[in-house]
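Biologist: I would like to learn how to read a structure like this one. Where should we begin?

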Amino acid sequence: MKSKRIVIIGAGAAGIAAATRLLESGFENVLLLEAENRFGGRIHTIPFADNVVDLGAQWCHGEQGNAIYELTRDLDMLHPTDEIEGDFKCIRSNKEVVADVVIDRLRSITSNLEPTQQKGLKDYEGSLGTYLTEAFWRNLQPLTDVDRVVAREFFENCKKMFSSMDGADHLFEVSGKGQHEYLDCEGDLHLNWRDKGFRSFLCLLMKADQADAFDLGLLNEHIQYNARVEHIEWQSPTGDIRIRLWNGELILADHVICTVSLGVLKEIHQKLFIPPLPLVKCRAIDGLKLGTVDKIYLEFKEPFTPLDWPGFSLLWREEDLVELRNTGYYWLESLFSFHRVSCQPRLLQGWIIGQHARHMETLSEAEVFDALLWLFKKFFTSEVPTPVRLLRTRWYTNPNFRGSYFFRAIYTEEVKTSSSDLAIPILDEKDGRPLLQFAGEATHPHFYSTAHGAVDSGWREAQRLITHYLDHNPHLEE
Ligand SMILES: Cc1cc2nc3c(=O)[nH]c(=O)nc-3n(C[C@H](O)[C@H](O)[C@H](O)COP(=O)(O)OP(=O)(O)OC[C@H]3O[C@@H](n4cnc5c(N)ncnc54)[C@H](O)[C@@H]3O)c2cc1C
């Protein structure tokens, strides 16, 4: 057991969770192959402005049953929803700030439309977009004094926000009944890491010193960076699994745990696995979906008003939208809000989704910067100071991710597949040995799209190997 060669592809949350659990359980020959030159994957904390920002996962979503919360609960690492995360203002594209009383009334409808709380979705065959649209306009009916034009602009913005939570390009491709597969962990859904970032959790898992950028704790000597895997030959007469890296290096293994994102699997699975994966697995890779959600951080010289609001949503008037779509700034339509960031008084964080996010990723930083200055001029009466720095994510363009996180689509239901199909391991026909295992957020049946789902999935696959060896060598248990 000690000497079994276990190769884990990807040093994101799932890979790190699997590797640390295996090492702590007595396996010694564990190697993580990571294509990037860092660990963390879609958890990526970097120094910025007054301390750090998270380019990927940012909040710990919930407490009960959340592996991340449970590991950190007594360590004073996670903090309740920040008070700056209050209600956003809504500004229209004619610079009008919509009155709070109007927004409160509209929010009273949308807060009851939280997708995971909709009992009516259980057997709903249509898309989440259709369901929410019908529910919104139905619930608006009694509010006769609310301006329908503003209500429409508000709801358009909400749909983008809901899409970003799901990780979908738009809500009309998201499965309505699929929402019930996802489980919220009870408790605070926006626990934050203050000035330490999500990376501090990975350091805890690895037992690494967070202050030392090079310390990998338990994983010292167990991670190989810049190690992009090109091929995995998982059936050979000798029983070895042969892993070929981009530079030609060959690595032999007894077990492989693949944690690369669904986006990467979609793009390369046909050439990554030799022979190709079984049909059930190919159908899962095709049928599960992921979209693009990107962040934009703007650093200002000092905190300023009126942007000392918790945040603001951008409501486009129909006539301004028609005009916008005829300009080079058309992609700004999908940039739906900005908000403040915990412990970062000089930052604004924006969110953009879908096709327009992918277009934004192709632009130069200067082009994105100019577009944002134009946007602020369009929406604000007072002059917004020029930011000193801009930072935007490119989760789709990066070939090691190819998108943000998994969601259940209408198409997923049509082809009758699920995260569980993606998670099924491929076993050796002769002795039942797990040859190829799959972990990562998209393989979690209920906590997909989250960092705690990724961690759970890594532990699940580590446990599969531990159980395999215990079953074959019961004396090991003592
Ligand atoms: C913008 C954004 C915001 C998010 N916000 C939150 C949040 O607030 N809370 C939350 O819980 N979750 C959030 N998430 C989701 C969370 O980040 C992910 O679910 C989780 O980090 C995924 O971990 P993973 O290990 O499954 O995959 P990954 O982190 O993608 O790890 C896979 C690793 O495989 C590597 N790899 C890929 N291809 C190869 C190859 N061929 N060879 C070798 N290595 C390869 C990649 O470089 C990567 O490091 C967010 C994600 C994004 C993108």
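Modeller: Begin with a definition: Ala, Val, Leu, Ile, Met, Phe, Trp, Tyr, Cys and Pro count as nonpolar, Asp, Glu, Lys and Arg as charged, and the others, Gly among them, as polar. By that scheme, the shell around the ligand has 19 nonpolar, 13 polar and five charged residues. Keep in mind that this is a predicted model.

Biologist: Which residues come nearest to the ligand?

Modeller: A residue is near a molecule if one of its heavy atoms lies within 4 Å of it. Here 37 residues are around the ligand, and those that come nearest are Glu34, Arg42, Trp59, Glu441 and Ala451.

Biologist: Which ligand atom lies 2.8 Å from a backbone N or O atom of alanine 451?

Modeller: For polar contacts, look for pairs of N or O atoms within 3.5 Å. With alanine 451, the ligand atom is an oxygen, 2.8 Å from a backbone N or O atom of that residue. Two other contacts use nitrogen atoms on the ligand side: one lies 2.7 Å from a polar backbone atom of tryptophan 59, and one lies 3.2 Å from a backbone N or O atom of alanine 35.

Biologist: How much of the ligand's accessible area does the protein cover?

Modeller: On its own the ligand has 1000 Å² of accessible area, and the protein covers 99% of this. As for the elements around the ligand, α1 (13–24) and α14 (451–472) are those that give two or more residues to the shell.

Biologist: Now the empty spaces. How many cavities of 30 Å³ or more does the structure hold?

Modeller: A cavity is a set of points where a 1.4 Å probe fits but cannot get out. There are two cavities of 30 Å³ or more in the structure. The largest has a volume of about 180 Å³. Its lining is made by 15 residues, with Asp54, Gln58, Arg194, Val341 and Ser342 nearest the centre. Two or more lining residues come from each of β4 (51–54) and β15 (335–341). By class, the lining has six nonpolar, five polar and four charged residues.

Biologist: Which residues line the second largest cavity?

Modeller: The second largest cavity has a volume of about 50 Å³. Its lining includes Arg42, Val260, Leu422 and Glu441. Arg42 and Glu441 are also among the residues that come nearest to the ligand. By class, this lining has six nonpolar, three polar and two charged residues.

Biologist: And pockets: which element gives the largest share of the lining of the second largest pocket?

Modeller: A pocket, in contrast to a cavity, is an open set of points. About 530 Å³ of space lies in the second largest pocket. Of the 24 residues that line this pocket, Glu156, Lys159, Lys160, Arg325 and Glu333 lie nearest its centre. Helices α5 (148–166), α9 (318–324) and α10 (354–362) each give two or more residues to the lining, and the largest share, eight residues, is from α5. The lining has seven nonpolar, seven polar and ten charged residues.

Biologist: Last, the strands. What is their order in the open sheet?

Modeller: Strands of a sheet pair through backbone hydrogen bonds, either parallel or antiparallel. In this structure an open sheet of six strands runs β6-β2-β1-β10-β20-β19, with mixed pairing. Strands β6 (223–224) and β19 (426–427) are at the edges, each pairing on one side only. Within the sheet, β1 (residues 6–9) and β10 (residues 255–258) run parallel and are joined by four bridges. One partner pair is isoleucine 6 with histidine 255 in β10.

Terms used. Residues are numbered from 1 along each chain as its sequence is written. This is a predicted model: local features need pLDDT of at least 70, side-chain atom pairs count only at pLDDT 80 or more; totals for chains, interfaces and linings use all residues. Side-chain values use heavy atoms; hydrogens and water are left out. A polar contact is a pair of N or O atoms within 3.5 Å; within protein, one must be able to donate a hydrogen and the other to accept it, and residues adjacent in sequence count only if both atoms are side-chain atoms. Accessible areas come from the Shrake-Rupley method with a 1.4 Å probe; for residues, only the protein chains shown count as cover. On a 1 Å grid over the protein atoms alone, a cavity is a set of points where a 1.4 Å probe fits but cannot get out, and a pocket is an open set with protein on both sides within 12 Å along at least five of seven lines; lining residues have an atom within 4 Å of a point. Grid points are joined across faces, edges and corners, and a volume is the space filled by probe spheres set on the points. Two strands pair if DSSP finds at least two bridges between them.
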